[in-house]
Amino acid sequence: MTHILTEGRFAKALVCAAVLAATALLTALMFTATGCAPQAAGERTPKEDPLASQPVDWSIDEDCAVCHAAEDALMQDANCPQASEHASLACIECHTNTDTLTSVHANLTYGDATKTIDLKPKEETVDSTVCQNPDCHGTMEDMAKLTADNTDFKDEKGKVQNPHEYPSNEQHDANQPVCTDCHKVHSEELQEDAMKWCAQCHHKGVFQCGTCHELRQRAAA
């Protein structure tokens, strides 16, 4: 009698095991067929930001930091004096070209905010006349006086140049710089940024012409 009961229990156990195995297999097949996998305990599917697809309707009243968080952080960073020394100003006090700002924000969404630090500005939104206002930095001549003792801006041969003194010559007169050619306010690399402007012509990183190759006299017309 005991032997019969034991065999009955064993048979029931086998049936239960078979049912559980079949259930597990069926569940796995269902997830495979739908391209899903069981989530680990406590794992949650990230929710899509409802603002990600919301178009940016730019206006001068916008809080720029919503998208330009990295640039805004530099305004408080002492390691970026170009920005931090302007921290008391609202963005629109420097970025005054509102028509251009409206244009460059067209067709953007708030989901594009993560890309702003990698984007290279294609349009100029700062007018140099704002920088050169007497209440701000003054003219290039005013700034040249303030940086007359500068020793930081030098070429690869050690020649020091006053960064705001732009000697008059044929090439310089035809290519007058604006403030933002050298001063990328939301950048920590002032010297490097300024040298990139000069290197467009002084391609060897040397300020004085004729030190890289022999100058040839142009025949008189």
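A residue is called buried here when its relative accessible area is under 20%, and Asn150, with a relative accessible area of 18%, therefore counts as buried. Keep that cut-off in mind during this tour of a predicted model.

**The whole chain**

Begin with the whole chain in a cartoon view, where you can follow 10 helices and zero strands. Of the 221 residues of the chain, 19% count as buried, and the accessible surface comes to about 17,200 Å², with 57% of that surface belonging to carbon and sulfur atoms. If you look at contacts between residues at least 6 apart in sequence, 60% of them join residues at least 24 apart.

**Asn150 and its loop**

Next, select Asn150, which you will find in the loop between helix 7 (140-146) and helix 8 (170-174). Show its side chain, and look for a polar atom there that lies 3.1 Å from the backbone nitrogen of Asp152; a polar atom of the Asn150 side chain also lies 3.1 Å from the backbone oxygen of Gln161. Leaving aside neighbours within four places in sequence, the residues in contact with Asn150 are Val160, Gln161, Asn162 and Pro163.

**Helix 10 and the core**

Now move to helix 10 (190-198) and select Asp193, Ala194, Met195 and Cys198, which are buried. Against which helix do the buried residues of helix 10 pack? They pack against helix 9 (179-182), so colour these two helices separately before you go on.

With that view in place, add Phe153, Cys182 and Phe207 to Ala194, Met195 and Cys198, and you have selected the six residues that make up the largest nonpolar core. Helix 10 supplies the largest share of this core, namely three residues. In soluble globular proteins, nonpolar side chains tend to be buried together.

**Phe207 and Gly205**

Stay with Phe207, a member of that core, and display its contacts beyond the neighbours within four places in sequence: these are Phe153, Lys154, Asp155, Lys159, Gln161, Met195, Cys198 and His202. Gln161 is thus a residue you have met before, since it also appears among the contacts of Asn150.

For the last stop, select Gly205, in the segment after helix 10. Is Gly205 buried or exposed? Its relative accessible area is 8%, so Gly205 is buried. When residues up to four places away in sequence are not counted, Gly205 touches Asp155 and Glu156. Finally, draw a C-alpha to C-alpha distance from Gly205 to Lys154, and you will find 9.1 Å in space between two residues that are 51 residues apart in sequence.

Definitions and conventions
Residues numbered from 1 in each chain as written. Predicted model: local features only at pLDDT ≥ 70, side-chain atom pairs only at ≥ 80, totals over all residues. Heavy atoms only, no water. Helix = DSSP H or I, 4+ residues; strand = E, 2+ residues; numbered from the N terminus. Buried < 20%, exposed > 50% of the residue type's maximum accessible area, 1.4 Å probe, protein only. Contact = heavy atoms within 4.5 Å. Core = buried A, V, L, I, M, F, W, Y, C linked by side-chain atoms within 4.5 Å. Areas by Shrake-Rupley, 256 points an atom, 1.4 Å probe, with all protein chains shown as cover. Polar contact = N/O pair within 3.5 Å; in protein donor to acceptor, adjacent residues only side chain to side chain.
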